[in-house]
Amino acid sequence: MALAASSSSSAILGSVASHDLSAPKISSFRWLDQHMILPASSNVINGQCRVKPIFPDQKRSQAMIPFAATAAAPEILGKGESEVRDDYDKLAKDLEVASPLEITDRALKKFGDDIAIAFSGAEDVALIEYARLTGRPFRVFSLDTGRLNPETYAFFDAVEKHYGIHIEYAFPDSVEVQALVRNKGLFSFYEDGHQECCSIRKVRPLRKALKGLRAWITGQRKDQSPGTRAKIPVVQVDPTFEGMDGGVGSLVKWNPVANMDSLDVWNFLRAMNVPVNSLHSQGYVSIGCEPCTRPVLPGQHEREGRWWWEDSKAKECGLHKGNIKQEEVFGEVHGNGNGNGNGAAHTNGNAALTDIFNSQNVVSFSRTGIENLAKLENRADPWLVVLYAPWCRFCQAMEGSYDELAEKLVGSGIKVGKFRADGQQKKFAQQELLLGSFPTILFFPKNSPNPIKYLSDKRDVESLMAFVSTLQ
């Protein structure tokens, strides 16, 4: 696990004591006052922050052992789980409109050497820059899964040199990796999902590393993943992992950039001249392991570049699985009594979500209807059918193009339909209708029993029309 120690000069530390972290806010971050700009006499030379480890002669083990035996956040000791959660729920509300710099400063001040920044090798380098700007010592760690892009490894090196830090890396257990690869091959995740591989290469190493901390700082943002991150607070008791004291509630999770969006982050990185992963210039937005990450197209959500062959609401590797509350977020209960929910509002426990693809030219299939269509060997007309979920952002994004396509196909002999395939219908759709992730688009030929799956991520009218034209 990569831990980096950073210690600023006395000039910087002296200014931190008096600086005002409630500076004027620009977008979702705050500029520092003049007295916070690092002086020429500080340890910033040629764009690099030269820092010294807190204990340079101390030999650190592979676990994340604190550099100093500081008693961080003593007020949480001896409290019950619910009381600790209430404390941090209140703190999250108090900091909801705070800047990322203020939140980061609060986290580092509160936990001292018992907190570290989780760095994935992507745009979350902003966390390291915010930590530097506080003037406080900070630690950085990262997970080396063994399958990262070469560009990401080069980026790690650039970050270390830019900030004058040494990132310590956590690695997966070699015996577990060997067993997985020998039994299932190098690319089993394409067949049975990414969770097993991520558990071995990411989740377990992280769990082991976090046992040496009382808090960690992540780069999660509310806009990053459909459904799973929309409600993350800026600080919380970690719902998944345990800290050094053990037990539920022993680890605090800080998310300073939760309320920023991607544009805010990139404006900040450019303004501060921070190094970035070169993959971003190649169309990559969310960056993970090389086999499970690809560039996204203009207009696509950033998480469509991750595990693209799977259900869009499962776009988490397990490091932040505490975000996923499927029944609350997605509401698997549909209210029209036919077991499918087509044409009905989607209940998610808080508000109704209106159905999509409601054009008069799009036929809504029931479960029985789609079963009958799939069974026919000789159809009177060919059909184009989208398997969708109304809560899916990617389905919502293609609604206009699909409805326009349906209008263009009127009178062509090709019928256009939809089938809502989430909830109770999902397993059936996966087994019988080639459902992978939402949306899945199928063409049912006139004289063939087998549907043909549209494999491209391009869902504009022209691309869909080209697909249909080559098959009719």
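Me: Let's start with the rule for strands: two of them pair if DSSP finds at least two bridges between them. The model here is predicted. Which residue of β16 does W383 stand opposite?

Reply: That would be F444 in β16.

Me: And what makes β14 and β16 a pair?

Reply: The cut-off is at least two bridges. Strand β14 (residues 383-388) and β16 share five bridges, in the antiparallel sense, so they count as paired. Both sit in an open sheet of five strands, in the order β13-β15-β14-β16-β17, where the pairing is mixed.

Me: Why are β13 and β17 called the edge strands?

Reply: Pairing takes at least two bridges, and β13 (363-364) and β17 (452-453) each pair on one side only, so they are the edges of that sheet.

Me: Stay with β16. Why is T440 called buried?

Reply: Buried means under 20% relative accessible area. T440 comes in at 3%, so it's buried. You'll find T440 in strand β16 (residues 440-444). Leaving out residues up to four places away in sequence, T440 touches V385, V386, L387, L434, L435 and K453.

Me: What makes the link from S437 to the T440 side chain a polar contact?

Reply: The N or O atoms have to be within 3.5 Å. The backbone oxygen of S437 is 2.7 Å from a polar atom of the T440 side chain, so the distance fits. The backbone nitrogen of G436 also makes it, since 3.4 Å separates that nitrogen from a polar atom of the T440 side chain.

Me: Which peptide bond is cis?

Reply: The one joining F438 and P439, with omega about -10°. P439 lies in the loop between α14 and β16.

Me: How do you know that E432 is exposed?

Reply: The bar for exposed is over 50%. E432 has 51% relative accessibility, so it counts as exposed. E432 belongs to helix α14 (residues 426-432). Its C-alpha atom is 8.6 Å from that of E371, although 61 residues separate the two along the chain.

Me: Two residues have a positive phi without being glycine. Are N273 and F357 buried or exposed?

Reply: One of each. Phi is near 55° for N273, and F357 also has phi near 55°. N273, in the loop between α9 (262-271) and α10 (326-329), has 63% relative accessibility; that is over 50%, so N273 is exposed. F357 sits in the loop between β12 (352-353) and β13. Its relative accessible area is 0%, under the 20% limit, so F357 is buried.

Me: How do you know that the length of helix α3 makes sense?

Reply: Take 1.5 Å times one less than the number of residues. For the 12 residues of α3 (residues 100-111) that gives 16 Å, and the end C-alpha atoms are 17 Å apart, which agrees. Several α3 residues are buried, including L101, L108 and F111. G112 follows the helix, with a positive phi near 55°.

Me: Why do β5 and β6 count as paired?

Reply: At least two bridges are needed, and strand β5 (residues 115-118) and β6 have two, in the parallel sense, so they qualify. One of the bridge partnerships joins I117 to V140 in β6. The chain gets from β5 to β6 through α4, and this β-α-β crossover is right-handed.

Me: What is there on the two faces of β6?

Reply: Side chains in a regular strand alternate between the two faces of the sheet. In β6 (residues 140-143), V140 and S142 lie on one side, F141 and L143 on the other, and all are buried. β6 also pairs with strand β7 (residues 168-170), in the parallel sense over three bridges. There, F141 has E168 as its bridge partner.

Me: Which residues have the most contacts inside the largest nonpolar core?

Reply: F119, V159 and W254, in a core of 47 residues. Helix α4 (residues 125-134) gives the most to this core, seven residues. Apart from it lies another core, of 39 residues, among them V385, L387, Y402 and I414.

Me: How much of the protein is buried?

Reply: Buried residues make up 53% of the 472 residues.

Methods
Residues numbered from 1 in each chain as written. Predicted model: local features only at pLDDT ≥ 70, side-chain atom pairs only at ≥ 80, totals over all residues. Heavy atoms only, no water. Helix = DSSP H or I, 4+ residues; strand = E, 2+ residues; numbered from the N terminus. Buried < 20%, exposed > 50% of the residue type's maximum accessible area, 1.4 Å probe, protein only. Polar contact = N/O pair within 3.5 Å; in protein donor to acceptor, adjacent residues only side chain to side chain. Contact = heavy atoms within 4.5 Å. Core = buried A, V, L, I, M, F, W, Y, C linked by side-chain atoms within 4.5 Å. Right-handed = clockwise from strand over helix to strand, strands pointing away.
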